[in-house]
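User: I would like to learn how to read the features of a protein model, one at a time. Could you take me through this one with care?

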Amino acid sequence: MTTVTIDNVSRWFGNVVAVNDVTMTIGPGVTGLLGPNGAGKSTLINMMGGFLAPSTGSVTLDGQTIWRNEQAYRHIGIVPERESMYDFLTGAEFVLANAELHGLPDPGAAARKALATVEMEYAQGRRIDTYSKGMRQRVKMASALVHEPSVLLLDEPFNGMDPRQRLQLMDLLRQMGADGRTVLFSSHILEEVEQLAHHIEVIVAGRHAASGDFRKIRRLMTDRPHRYLVRSSDDRALAAALIADGSTTGLELGVEAGRSALRIQAVDFARFTELLPRVAREHGIRLYEVSPSDESLESVFSYLVAA
Ligand SMILES: Nc1ncnc2c1ncn2[C@@H]1O[C@H](COP(=O)(O)OP(=O)(O)OP(=O)(O)O)[C@@H](O)[C@H]1O
């Protein structure tokens, strides 16, 4: 069982709509769920993992409803974002407890295998409250893997990891994807998703914004209009020279923080970044400042939603 289908799903908490009419299908391989903080990623993952019921719509695994369906739970492993664990247990005890909860025939062997998979055997006898964040993450991962699920869901798994731990986890997830499992992880960092996911789903403000491979998503993000604030030795002359070129649409001369400035909207990002210094040079204009004025992640994502 490997395909999770989210069909017209919404989930609200009181009057907060966390997920708004989302439809997507997650199949074998590694998928990245990308979106800014508060976008609804955890809510979606929790619905896929059977922790939460959708308010409307359906979340299914190979056609079977996931919510309150033990049969489906046997095939799903979930690594939640939250940090609280049973800190008084050792890593080995924590993973074993989960193996027993699943009713596995040989919980001890399953726990040892899962701890070996995440390379935590060396610290399995220590209490969890002595672990670093990366070690806790790996023990959570072992506990999610103990019943060898075909679907693995991870909520912001790279948070707080050092670069080496990050690479290790990436290798492990890649391997699982290559073995034909369905691996879905959430992140708010495009580069992280790019390195790992063969497929990306973007969610913004509870809504499904885009879907595709990272080249497509990257292109959607860089092809949007970019806004810049420019200060130069002669803003008026610079504006006149730029108007002649089609890669800028909006040009506005004004005063910003008490000094004159030029606001520019560029439609062709690559062309504009090459054009601006060239035009300035050709007209003997000095550039004092070029700063993007809408580079926040939220604005990039909002653009995708509006597109
Ligand atoms: N149990 C809850 N009760 C009330 N509101 C909630 C609850 N869970 C989530 N929300 C709200 O739903 C929205 C989506 O939250 P969610 O945690 O799913 O987003 P996220 O993309 O995972 O963000 P983050 O990366 O910050 O965890 C937010 O506005 C959040 O405050």
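User: Which element gives the most to the shell around the ligand?

Analyst: Helices and strands here are DSSP runs, numbered from the N terminus, with H or I over at least four residues for a helix and E over at least two for a strand. With that in mind, α1 gives the most to the shell around the ligand, namely three residues. Please keep in mind that this is a predicted model, in which local features need pLDDT of at least 70 and side-chain atom pairs count only at pLDDT 80 or more, while totals for chains, interfaces and linings use all residues. Residues are numbered from 1 along each chain as its sequence is written.

User: Which residues surround the ligand?

Analyst: A residue is near a molecule if its C-beta atom, placed from the backbone, lies within 6 Å of it. Here the ligand is surrounded by Phe-13, Val-16, Ala-18, Gly-35, Asn-37, Gly-38, Ala-39, Gly-40, Lys-41, Ser-42, Thr-43 and His-188. The elements that give two or more residues to this shell are β2 (16-26) and α1 (41-48).

User: How many residues of each class does the shell around the ligand have?

Analyst: Ala, Val, Leu, Ile, Met, Phe, Trp, Tyr, Cys and Pro count as nonpolar, Asp, Glu, Lys and Arg as charged, and the others, Gly among them, as polar. On that basis the shell around the ligand has four nonpolar, seven polar and one charged residues.

User: What is the order of the strands in the open sheet that contains β2?

Analyst: Strands of a sheet pair through backbone hydrogen bonds, either parallel or antiparallel. Two strands are taken to pair if DSSP finds at least two bridges between them. In this case the four strands of the open sheet have the order β2-β1-β4-β5, with antiparallel pairing. β2 and β5 (64-65) stand at the edges with a single partner strand each, so one side of each is left without a neighbour in the sheet. Two bridges join strand β4 (residues 56-61) to β5 in the antiparallel sense, and Thr-60 has Thr-65 in β5 as its bridge partner.

User: How do I read the way in which helix α3 packs against α5?

Analyst: Axes are lines fitted to C-alpha atoms, for helices over the stretch in contact, and angles run from 0 to 180 degrees between N-to-C directions. The axes of helix α3 (residues 91-101) and helix α5 (residues 133-145) come within 8 Å and cross at roughly 25 degrees. That makes α3 roughly parallel to α5, since angles under 35 degrees count as roughly parallel, over 145 as roughly antiparallel, 65 to 115 as roughly perpendicular and the rest as oblique.

User: What is the angle between α3 and α4?

Analyst: α3 and helix α4 (residues 107-117) pack at an angle of about 125 degrees, with their axes 8 Å apart, and α3 and α4 are therefore oblique to each other.

User: Where are the edges of the open sheet that contains β12 and β13?

Analyst: Four strands form this open sheet in the order β12-β13-β11-β14, and the pairing is antiparallel. The edge strands are β12 and β14 (287-292), each of which pairs on one side only. Strand β12 (residues 248-256) and strand β13 (residues 259-266) pair in the antiparallel sense over eight bridges, and Val-255 has Ser-260 in β13 as its bridge partner. β12 and β13 form a hairpin with two residues between them, where Ala-257 in the turn has a positive phi of about 50 degrees. Five bridges join strand β11 (residues 226-232) to β13, and the two run antiparallel.
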